[in-house]
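Dear colleague,

Please find below the sequence and the structure that I am handing over to you. A summary of what was found follows directly after them.

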Amino acid sequence: MSRPQQGSALERVRGLAREVAKFGAVGGIGVLVNLGVFNLIRHTTDLQVVRASVIATVVAIVTNYLGFRYFTYRDRARTGGSRELPLFVAFSVIGLVIENGVLYTATYGFGWDGPLATNVFKFIGIGTATVFRFWSYRTWVFKALPEPESAGAPVPASVFTSPRGRAAGSRAPEPARK
């Protein structure tokens with residue numbers, strides 16, 4: 001393997017690591033919002049577990065969109081409301097179903113509905129859905145901008161010459177006309 005390919009592979013790994021760290025930072029805030037809203041609703045209302053969880057997930061999705069768009073993926077292409085937002089909502093709804101499906105199964109399938117159990121399974125659901133969300137957001141929603149052309153790429157000679165064949169910016173006299 002040649003040296004430049006190793007460097008570019010290393011740069012891709014570093015870039016992915018930075019992206020995962022930023023995604024994790026925003027996601028961490030989203031988890032805190034999600035669990036905080038979930039527990040607030042659970043302890044102050046008589047709302048059923050999964051309904052409280054869905055509300056909390058929606059609040060976290062809004063929080064996460066702002067963090068992803070303006071922090072994690074701020075350098076990515078901006079397609080605005082025409083493409084980005086509908087895709088984000090669609091993939092977020094799939095993540096919501098994954099996340100709350102885990103909680104629903106634990107609560108209504110196995111009867112594990114105590115405060116500790118619901119928080120544990122809510123957290124497991126968040127983790128499971130996060131893997132899907134990371135893949136879908138980076139692949140479909142916040143697409144990477146095209147790579148800039150390499151600095152070592154050959155530059156056409158026409159860039160350095162004027163239409164009369166002289167080097168651009170040169171002070172050499174023009175050939176005499178007859």
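**Findings**

Among the contacts in the protein with a separation of 6 or more, 69% are between residues 24 or more positions apart. Please keep in mind while reading that this is a predicted model.

The protein has four helices and zero strands, so that, by the rule that numbers elements from the N terminus, the order reads α-α-α-α. Of its 178 residues, 28% count as buried. The protein exposes about 11,600 Å², and carbon and sulfur atoms supply 67% of that area.

The interior may be described next. The largest nonpolar core has 14 residues, and those that touch the most other members are F23, F68, Y73, F88, Y137, V141 and F142. Each of the helices α1 (3-44), α2, α3 (80-109) and α4 (115-141) supplies at least two residues of this core. Helix α4 gives the most to this core, namely four residues. There is also a second, separate core of seven residues, which includes I41, V49, A52 and A56.

Three individual residues may help you to find your way around the model. V141 belongs to the members of the largest core that touch the most others. Once its neighbours within four places in sequence are left aside, V141 is in contact with R83, E84, L87, F88, F91 and S136.

One of these partners, E84, lies in helix α3. Is E84 buried or exposed? E84 is buried because its relative accessible area is 2%, and buried means under 20%. The side chains of E84 and R69 are joined by a polar contact of 2.6 Å.

The third residue, T118, is found in helix α4. T118 has a relative accessible area of 1% and is therefore buried. Its side chain reaches the backbone oxygen of P115 at 3.1 Å. Not counting residues up to four places away in sequence, T118 touches F38, V49, L103, T107, W112 and D113. Of these, V49 is also one of the residues of the second core.

Finally, there is a feature on the surface to point out. V58, V62, L66 and Y70 form a nonpolar patch there, and together they have about 400 Å² of accessible area. One of the four, V62, has its place in helix α2, which covers residues 49-72.

With kind regards

Terms used
Residues numbered from 1 in each chain as written. Predicted model: local features only at pLDDT ≥ 70, side-chain atom pairs only at ≥ 80, totals over all residues. Heavy atoms only, no water. Patch = residues over 30% accessible without salt bridge, like charges linked within 9 Å, V, L, I, M, F, W, Y side chains within 5 Å. Areas by Shrake-Rupley, 256 points an atom, 1.4 Å probe, with all protein chains shown as cover. Salt bridge = Lys/Arg side-chain N within 4 Å of Asp/Glu carboxyl O. Buried < 20%, exposed > 50% of the residue type's maximum accessible area, 1.4 Å probe, protein only. Contact = heavy atoms within 4.5 Å. Core = buried A, V, L, I, M, F, W, Y, C linked by side-chain atoms within 4.5 Å. Polar contact = N/O pair within 3.5 Å; in protein donor to acceptor, adjacent residues only side chain to side chain.
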